[in-house]
Amino acid sequence: MTTTWLKERSELGVSVGLLALGVLVLTDALSIPTDFAQRGPVGPKAVPILVGSLLLIVAVLLARDVLRGGKGEAEGGEDIDLTEPADLRTVLLLCGAFLANAALIGLVGFPISGAILFWGAAYALGSRNLVRDPLIAAGMSVVTFLVFNNLLGVPLPGGPLMEVF
């Protein structure tokens with residue numbers, strides 16, 4: 001009886017996850033050190049406390065809705081056949097491109113590892129143009145590096161190309 005009741009209200013798991021995430025965010029937010037010189041009119045704790053509080057509110061509202069009989073809609077994608085199994089080859093190729101980027105970013109820098117990531121993602125998703133794809137991936141990677149590093153001030157590892165940019 002209890003397993004059927006839980007299966008019918010599986011959205012409660014999402015509510016529990018949101019509740020745990022909200023508690024984690026609030027706990028971390030309250031432990032942020034602040035001193036007088038660091039604090040402005042709002043302070044660094046304001047946004048994390050707001051986000052954590054909103055997570056708790058959403059968790060409680062979702063749990064209340066589920067316990068009152070609310071159910072989430074079944075997924076109705078535009079071109080998704082839910083009877084077909086997942087395409088594990090594509091997922092594994094995408095994971096491999098991401099892991100290669102994570103492993104190489106410190107060694108070769110973002111422009112090169114990002115190009116590998118972008119080309120690998122294009123390949124995993126079905127593009128097979130062996131001339132165009134690497135060129136577009138390299139261009140996207142360099143533009144991304146320049147935007148983050150130079151315009152936004154977010155330092156990314158440049159690797160051997162650091163002197164070029």
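This is a short walk through a predicted model of one protein chain, from its overall make-up down to a single proline.

Hi everyone, and thanks for coming. Let's begin with the whole chain. What does its secondary structure come to? There are six helices and zero strands. If you read from the N terminus, the order of elements is α-α-α-α-α-α, which is easy to remember.

Now the surface. The protein chain has 165 residues, and 18% of them are buried. Its accessible surface is about 11700 Å², with 70% of that belonging to carbon and sulfur atoms. How do the contacts spread along the sequence? Take the contacts between residues at least 6 apart in sequence: 60% of these join residues at least 24 apart.

Next, please turn the structure so that you can see helix α4, which covers residues 88-108, and helix α5, residues 110-124. The axes of α4 and α5 come within 8 Å and cross at roughly 175°. Angles over 145 degrees count as roughly antiparallel, so α4 is roughly antiparallel to α5. Which residues make this contact? On the α4 side they include Leu93, Leu94, Ala97 and Leu104, and on the α5 side they include Ile112, Ile116, Leu117 and Ala121. Sorted by class, the contact of α4 with α5 has 15 nonpolar, five polar and one charged residues.

Helix α5 has another partner to look at. It packs against helix α6, residues 132-151, at an angle of about 135°, and the two axes are 8 Å apart. Are α5 and α6 parallel, antiparallel or oblique? With that angle, they are oblique to each other, and their crossing is right-handed. Among the residues in contact are Phe110, Ala115, Phe118 and Trp119 of α5, together with Pro134, Ala137, Met140 and Phe145 of α6. By class, this contact of α5 with α6 divides into eleven nonpolar, three polar and one charged.

Let's finish with one residue, Pro157. Where is it? Pro157 lies in the segment after α6. Its relative accessibility is 35%, so it counts as partly exposed. Now find Ile105 as well. Pro157 and Ile105 are 52 residues apart in sequence, yet their C-alpha atoms are 7.0 Å apart in space. Which residues does Pro157 touch, leaving aside its neighbours within four places in sequence? They are Ile105, Gly109, Phe110, Pro111 and Phe145. You have met some of these already: Ile105 of α4 takes part in the contact with α5, and Phe110 of α5 and Phe145 of α6 take part in the contact between those two helices.

That's my tour. Thanks for listening!

Methods: Residues are numbered from 1 along each chain as its sequence is written. This is a predicted model: local features need pLDDT of at least 70, side-chain atom pairs count only at pLDDT 80 or more; totals for chains, interfaces and linings use all residues. Side-chain values use heavy atoms; hydrogens and water are left out. Helices (H or I, at least four residues) and strands (E, at least two) are DSSP runs, numbered from the N terminus. Buried means under 20% relative accessible area, exposed over 50%, partly exposed in between (1.4 Å probe, protein chains only). Contact means heavy atoms within 4.5 Å. Accessible areas come from the Shrake-Rupley method with a 1.4 Å probe; for residues, only the protein chains shown count as cover. Axes are lines fitted to C-alpha atoms, for helices over the stretch in contact, and angles run from 0 to 180 degrees between N-to-C directions. Angles under 35 degrees count as roughly parallel, over 145 as roughly antiparallel, 65 to 115 as roughly perpendicular and the rest as oblique. A crossing is left-handed if the near helix is turned anticlockwise from the far one by less than a right angle, and right-handed if clockwise. Ala, Val, Leu, Ile, Met, Phe, Trp, Tyr, Cys and Pro count as nonpolar, Asp, Glu, Lys and Arg as charged, and the others, Gly among them, as polar.
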